[in-house]
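Work through the exercises below with the sequence and the coordinates at hand, and try each task before reading its solution.

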Amino acid sequence: MPDHESPDEPGRTSRRGALECMIWAGTGLLWSLEGGLPSAVGLTRALAADKPAAPFTFLQISDSHVGFNKPANPDALGTLREAVARIRQLPEKPAFIIHTGDISHLSKDREFDDADQILRETGLPLFFVPGEHDLLDDERGRSYLDRYGKGSRGAGWYSFDRQGVHFIGLVNVVDLKAGGLGNLGADQLDWLERDVAGLASSTPVVVFAHIPLWTVYPEWGWGTQDGARVLATLKRFGSVTVLNGHIHQIIQKVEGNVAFHTARSTAFPQPAPGTAPSPGPMKVPAGELRGVLGITSVSLVRGSEPLAIIDTPLAG
Amino acid sequence: MPTPRALPCHPAGRIIAAIALQILALTLAAQPSTAAADRASTDPVVIRIDNFTFGPQTLTVAPGTRVTWINGDDIPHTVVAQNKFFRSKTLDTDDRFTVTFQVPGKYAYFCSLHPHMTGTVVVKGPTD
């Protein structure tokens, strides 16, 4: 097995050392399409490349919250930069990156500019969906759409095809209703039905949106009230993978042909559902921040078997 | 202390509402006060936003009371009336938003970023 570990530079934390620390709030999911069960491996493992490269891979990153500078992580820009450095070390270059929202913390131009500049260093095409933190400008999302909305519809939803896989980016952070959860709205759901109408049921589908499309923990708003309609629309497809962010931790489940997965953040962790009085940035003891930030890679495999996602922490 | 932000989002509505509030305020002022002490007080009141919760969740005030929300979380929140009567800008940590309530009624509001966060301001009428 080739060792892709780069030699330590004097006076710097080793890449692997930092990687192995970035467990919980990591932001990169490496997907590959092979032909069987999808599996997630820690990026350290992906970097080590101890198995043949998959024919098609892509990354998911999420919740970079550029501009966040509170005690839970005074330098969210720095940890995004670290995540991007990890991505650049991957031996197999992913085809593209999907960012599942909360690019910025407060939708400020400077925050978007900083995020764009760092993400551009990956040298990879980027696809975005907005998080609620990306729509805080006075015009409530104009800024996001001007930057990232080219070719999208409505509040920024769209679809595209790569390598026989149909990718759908949905927006569930607009027009939220009092007492409710994430919200897609009738226009978007109607569009979704038309979007997939002509697809063969054997087409693998990957759906991504910021807030989990399934109900993770409604007491904290971690779910989408009309998400069930998405799943109903996609019911006939043999392989559906749902990628979300928002909750800054990995939670996954498989239901029939649908595999759900939430990504870590590059900025700060949040408590597990119900383990704290509320969601929000979770401060960990000094020196352990990177122990709760991390990058996870996932392999998605095409085949007749129901989808399953196996996630392996970097240090596991 | 930062200057309180202006209230409703629609300028025309704001003017009409302001006039209506003035008229009401004058009417109320002209009436003999029958309100109990707590309701007669228009001392400013604070609603804290901590741990994704408005506290107190239900607040009862007399007409003319200035109510100020203060965000104590490390995450931004908003304060948005369900009837669109008021809407704050995004409140980052320690930011404030103030509304002066003149017209009696129930004002249900929520955080438009985290809509599971809800609260109500009840403005008592003169005969309540």
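**Exercise 1.** Find which side chains meet in a salt bridge between chain B and chain A, and describe the interface around them.

*Solution.* Begin with the charged pair: in this predicted model, the side chains of Asp92(B) and Lys70(A) come together at 3.4 Å, taken from N to O. A salt bridge requires a Lys or Arg side-chain nitrogen within 4 Å of a carboxyl oxygen of Asp or Glu, and therefore the pair qualifies. Next, count such pairs across the interface of chain B and chain A, where the rule finds one salt bridge, together with three residue pairs in polar contact, both residues being at pLDDT 80 or more. Then turn to the extent of the interface: 18 residues from chain B and 26 residues from chain A take part in the contact, and the area buried between the two chains is about 1,700 Å², of which carbon and sulfur atoms give 63%.

**Exercise 2.** Determine whether Gln270(A) is buried or exposed, and identify the polar partners of its side chain.

*Solution.* First locate the residue, which is found in the loop between strand 11 and strand 12 (296-299) of chain A. Its relative accessible area is 10%, so Gln270(A) is classed as buried, the cut-off for that class being under 20%. Now list its contacts beyond the neighbours within four places in sequence, which include Trp222(A), His248(A), Pro279(A) and Met282(A). The C-alpha atom of Met282(A), 12 residues away along the chain, is separated from that of Gln270(A) by 5.1 Å. Finally, examine the polar atoms of the Gln270(A) side chain: one lies 2.9 Å from the backbone oxygen of His246(A), and the backbone nitrogen of Gly280(A) lies 2.7 Å from a polar atom of that side chain.

**Exercise 3.** Identify which residues of the largest nonpolar core touch the most other members, and trace which elements of chain A supply the core.

*Solution.* Start with the membership: the core holds 47 residues, and those touching the most other members are Ile168(A), Leu170(A), Val207(A), Leu234(A) and Val240(A). Map the core onto the secondary structure, where the elements that each supply at least two residues include strand 3 (56-61), helix 3 (76-88), helix 6 (186-197) and strand 8 (205-209) of chain A. Then follow one member outward: apart from neighbours within four places in sequence, Leu234(A) is in contact with Ile168(A), Val196(A), Val205(A), Val207(A) and Val240(A). Another core, of 31 residues, lies apart from this one, and among its members are Val99(B), Phe101(B), Met117(B) and Val121(B). As a last step, set this against the whole of chain A, in which buried residues make up 59% of the 316 residues.

Terms used:
Residues numbered from 1 in each chain as written. Chains lettered and ligands numbered in written order. Predicted model: local features only at pLDDT ≥ 70, side-chain atom pairs only at ≥ 80, totals over all residues. Heavy atoms only, no water. Buried < 20%, exposed > 50% of the residue type's maximum accessible area, 1.4 Å probe, protein only. Core = buried A, V, L, I, M, F, W, Y, C linked by side-chain atoms within 4.5 Å. Helix = DSSP H or I, 4+ residues; strand = E, 2+ residues; numbered from the N terminus. Contact = heavy atoms within 4.5 Å. Buried area = accessible area lost by both parts, 1.4 Å probe. Polar contact = N/O pair within 3.5 Å; in protein donor to acceptor, adjacent residues only side chain to side chain.
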